[in-house]
Amino acid sequence: MPNLSPKLRTLVGAARDIATTITARTAVQDDRDARWPEETMRALREARLTALNAPIEVGGHGEGMVGIVAVTEALADESASAALCFAMHCVGTAVIAVRATNAQRERYLVPIASGEHLTSLALSEPGSGAIFFYPETTLEPTATGFRLDGTKSFVTNGSHADSYVISTAAVEVGDELEGVFSCVVVDNDLPGLEWTGQWQGLGMRSNDSRTMRLSGVELPADRLLGARGDQLWYIFEVIAPYFLMAMAGTYLGTAQAALDEARLHVGTRRHGHSGELLGQSSVVSHRLGEMWTRVEATRQLIYAAAAKGDARAPDALTSILGAKSMAADTAVTVANEAMTLCGGSAYRDNSRLARIFRDARASHVMGPTTDMLKTWIGRALLNLPLL
Ligand SMILES: Cc1cc2nc3c(=O)[nH]c(=O)nc-3n(C[C@H](O)[C@H](O)[C@H](O)COP(=O)(O)OP(=O)(O)OC[C@H]3O[C@@H](n4cnc5c(N)ncnc54)[C@H](O)[C@@H]3O)c2cc1C
């Protein structure tokens with residue numbers, strides 16, 4: 001693991017302890033039953049790891065992107081779903097924190113810092129799909145605040161969070177705000193907010209990414225994040241960097257878990273007729289070496305990108321885009337290679353590797369998709385606008 005501050009090392013150690021003692025015990029059943037990782041999330045709250053990205057001024061740990069990468073990597077070693085649930089809370093926290101009013105600080109950040117409040121991110125919609133930054137959920141001004149109407153899809157943490165950061169479109173027709181997008185924070189218990197359907201994903205089965213319906217939800221005025229029309233600023237300045245690094249950490253941990261499974265299998269499995277370990281075959285050890293190199297190169301890029309993000313380096317965004325796209329390519333490739341090396345028994349038994357293999361596949365479809373990221377990198381190199 002790259003150089004981490006002593007404080008972050010302690011936090012990562014605590015996350016790894018939770019992953020190996022609690023997540024490892026519950027992950028198989030959570031995956032089978034498509035059940036939200038309640039025990040892991042409770043332990044993360046009790047250990048105040050959910051305060052990771054909350055500002056120090058409110059009692060949080062004040063960590064940035066290196067922190068989110070290191071903790072999600074540790075959690076994903078045991079469950080990519082649990083890492084994703086934690087990640088979406090951390091990204092939501094970062095979004096609330098960056099331009100928080102005093103009222104928002106008291107209502108959301110103080111309880112997040114004490115481990116009492118879980119938040120999440122609800123951007124995607126059935127209409128705009130992968131182009132998640134063009135929401136159709138409407139935000140209409142009222143005498144006391146706003147009225148929200150729309151549908152959010154794939155909301156990680158489903159109904160389990162206490163609040164959600166939601167992207168919206170303004171509805172003032174003929175006004176300069178027409179078509180301008182804003183972000184708001186919405187409490188889970190507001191009348192008109194409902195959950196529909198069940199999450200039964202191919203992989204990432206224990207993250208409960210459900211559909212949220214918002215029907216005439218009355219929102220007090222102080223739930224607007226930043227100013228009206230700030231959504232694209234939030235997307236590129238906060239959501240993209242934090243979300244992409246959180247996903248990079250999650251899929252790095254997933255790739256490492258696949259590599260570990262392959263290493264264990266080829267290092268212990270002997271053929272009866274020869275008594276030789278699988279790893280003694282030069283083809284097998286060559287493949288294992290390639291997998292290790294891919295994972296390690298990805299790790300170096302991810303931590304370098306996160307450090308650039310925390311330092312607000314001018315070229316940080318390109319590295320961050322590359323980090324998530326490389327993490328996705330690596331997770332899918334290494335899980336696929338590991339399945340080849342672990343053979344028929346791993347395939348037959350819906351093994352731990354089978355879960356990793358299914359989880360890894362979500363990396364390419366979770367927005368911004370890998371194709372979009374690579375296109376944006378190219379456009380950034382050519383000094384063209386990303387959108
Ligand atoms: C496990 C999981 C968890 C998720 N959690 C969250 C969450 O917490 N919050 C949230 O807001 N969203 C979340 N999402 C949603 C996700 O980020 C995408 O928005 C969603 O998967 C889009 O799905 P769709 O079927 O509507 O895609 P579609 O829009 O139908 O796109 C299908 C495919 O077409 C291609 N494509 C589409 N448009 C373009 C384009 N312009 N350029 C290149 N290729 C394109 C891509 O390959 C894309 O995968 C989650 C998704 C998954 C799978």
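## Working through the predicted model

Just after helix α2, Arg48 takes a positive phi of about 60°. This is a predicted model, where local features need pLDDT of at least 70, side-chain atom pairs count only at pLDDT 80 or more, and totals for chains, interfaces and linings use all residues. Residues are numbered from 1 along each chain as its sequence is written.

### Exercise 1: helix α2

Find which residues of α2 are buried, and what they pack against.

*Step 1.* Helices here are DSSP runs (H or I, at least four residues), strands are runs of E of at least two, and both are numbered from the N terminus. Helix α2 covers residues 38-46.

*Step 2.* Call a residue buried if 20 or more other C-beta atoms lie within 10 Å of its own, exposed if 12 or fewer do, and partly exposed in between, with C-beta atoms placed from the backbone. In α2 that picks out Thr40, Met41 and Leu44.

*Step 3.* These residues cover an arc of only 95° around the axis, which puts them on the same side of α2. The arc is that of the directions from the helix axis to the C-beta atoms.

*Step 4.* Look across from that side: the buried residues pack against α1 (6-33) and α4 (80-98). Contact means that the C-beta atoms of two residues, placed from the backbone, lie within 7 Å.

### Exercise 2: the ligand shell

Work out which domains the ligand lies between, and what surrounds it.

*Step 1.* Start with the division into domain 1 (6-118), domain 2 (122-230) and domain 3 (232-381). The bounds come from an automatic or database domain assignment.

*Step 2.* List the neighbours, counting a residue as near if its C-beta atom, placed from the backbone, lies within 6 Å of the molecule. There are 23 residues around the ligand, and Ser124, Gly129, Phe154, Thr156 and Gly367 come nearest. The elements giving two or more residues to this shell are β1 (119-122), β3 (145-155), α10 (362-365) and α11 (370-381).

*Step 3.* Both domain 2 and domain 3 give residues to the shell, so the ligand lies between them.

*Step 4.* Sort the shell by class: 14 nonpolar, 8 polar and 1 charged. Ala, Val, Leu, Ile, Met, Phe, Trp, Tyr, Cys and Pro count as nonpolar, Asp, Glu, Lys and Arg as charged, and the others, Gly among them, as polar.

### Exercise 3: backbone oddities

Track down the cis peptide bond at Gly367 and the positive phi values of Phe154 and Asp208.

*Step 1.* Gly367 joins Pro368 through a cis peptide bond, with omega near -10°. Pro368 itself is in the loop between α10 and α11.

*Step 2.* Phe154 is not a glycine, yet its phi is positive, about 55°. This residue belongs to strand β3, and it counts as buried because it has 24 C-beta neighbours inside 10 Å.

*Step 3.* Asp208 also has a positive phi, near 50°. You'll find Asp208 in the loop between β6 (193-196) and β7 (210-220), and it's buried, with 26 other C-beta atoms within 10 Å.

### Exercise 4: two domains meet

How many residues do domain 2 and domain 3 each bring to their contact?

*Step 1.* The C-alpha centres of domain 2 and domain 3 lie 31 Å apart.

*Step 2.* Domain 2 brings 12 residues to the contact and domain 3 brings 10 residues.

*Step 3.* On the side of domain 2 that touches domain 3, the split is 8 nonpolar, 3 polar and 1 charged.
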